[in-house]
Amino acid sequence: YQVGWCSWYHYFHSLTEEHVRANLARAGDWPFDVFQVDDGYQAAIGDWLVTNEKFSSGVDRLAADIAGAGYTPGIWMAPFLAHPGSAVLAAHPGWAARQAEGGELLTGWWNPDWDGFQATLDTTDDEVQQHLADTAAALVEMGYRYLKLDFTCVPALEGGRWADPTATPAERVRRGYEAIRRGAGDDTFLLACGC
């Protein structure tokens, strides 16, 4: 089993790098192995390798500092969601699943703290699967050996158009997980949340 600290249950969306570093400085008194940064660090939902203005050190520096303090670095992401204004969807608008009628983005989630509605990535698309694998591999290379994968139920939504229309809702979720596992490798801990 894994025992660790997670920023979410105290800071929620108000998380800053200063919060993370203050807790890391106190962590020597706590009996755990994993130190996990949750929602609030990312530039946008879908842009997991780039931090926002509250995290000036960047995702890679945080991993190095957590590891340097003697803990397994952990990080949160909602890998199958992307904000319509995210860099990933700006570069690859075809990666989002679409409504069955009309071609609008398939809504995966709505959250006011994320600036409204989030699109669903098409986990049956080969390019999306490669993106998921590459993102996981990049985070692991930075030092994150614990990946918290949240809102992973969204590829199971009904009413969408998918690259592979024969994939069942469970298969769409599974393909996303399999892509992340390929990128993360067998010795990275994956926590499935919201599945």
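This report walks through a salt-bridge network, a helix with two sides, a hairpin, and the spaces inside a predicted model.

## A network of charged side chains

Let's start with the charged residues. The predicted model holds 7 salt bridges. Side chains of opposite charge can pair when their charged atoms come close. One of these pairs is E17 with R21, where the closest N and O atoms are 2.8 Å apart. Both residues belong to helix 2 (residues 17-26), and because they are 4 residues apart there, about one helical turn separates them. An α-helix has 3.6 residues a turn, so residues three or four places apart point the same way. The two partners differ in their surroundings: E17 counts as buried, at 4% relative accessibility, while R21 counts as partly exposed, at 27%.

R21 has a further partner in D65, again with the closest N and O atoms 2.8 Å apart. This pair links distant parts of the chain, since R21 sits in helix 2 and D65 in helix 3 (residues 59-68), 44 residues apart. D65 in turn forms a salt bridge with R61, and here the closest N and O atoms are 2.5 Å apart. D65 and R61 share helix 3, where they are 4 residues apart, about one turn of the helix. R61 is partly exposed, with a relative accessible area of 42%. Through shared partners, these salt bridges join E17, R21, R61 and D65 into one network.

## The two sides of helix 2

Which residues of helix 2 are buried? They are E17, V20, N23 and L24. Looking down the axis of helix 2, you would find its buried residues within an arc of 135°, so they line one face of the helix. E18 and A25 lie on the other side of helix 2, and these two are exposed. E17, then, is buried in helix 2 and also takes part in the salt-bridge network.

## A hairpin of two strands

Next comes a pair of strands. In which sense do strand 8 and strand 9 pair? Strand 8 (residues 107-111) and strand 9 (residues 116-120) run antiparallel, and 4 bridges connect them. If you want a spot to look at in the structure, try W109, which stands opposite Q118 in strand 9. The hairpin has 4 residues between its strands, and D115 takes a positive phi there, near 65°.

## A pocket and a cavity

The largest pocket offers about 260 Å³ of space. Of the 16 residues that line this pocket, Q42, A43, A44, D113 and W114 are the closest to its centre. By class, the pocket lining has 4 nonpolar, 7 polar and 5 charged residues.

How many cavities of 30 Å³ or more does the structure hold? There is 1, and the largest cavity contains about 30 Å³ of space. Its lining is made up of W48, M77, P79, H131, L132 and T135. Helix 5 (residues 126-142) supplies the largest share of that lining, with 3 residues. The lining of the largest cavity divides into 4 nonpolar residues, 2 polar ones and no charged ones, whereas the lining of the largest pocket includes 5 charged residues.

Terms used. Residues numbered from 1 in each chain as written. Predicted model: local features only at pLDDT ≥ 70, side-chain atom pairs only at ≥ 80, totals over all residues. Heavy atoms only, no water. 1 Å grid on protein atoms, 1.4 Å probe; cavity = no way out; pocket = protein on both sides within 12 Å on 5 of 7 lines; lining within 4 Å. Points joined across faces, edges and corners; volume = space filled by probe spheres on them. Nonpolar A, V, L, I, M, F, W, Y, C, P; charged D, E, K, R; others polar. Salt bridge = Lys/Arg side-chain N within 4 Å of Asp/Glu carboxyl O. Buried < 20%, exposed > 50% of the residue type's maximum accessible area, 1.4 Å probe, protein only. Pairing = 2+ DSSP bridges. Arc of directions from axis to C-beta.
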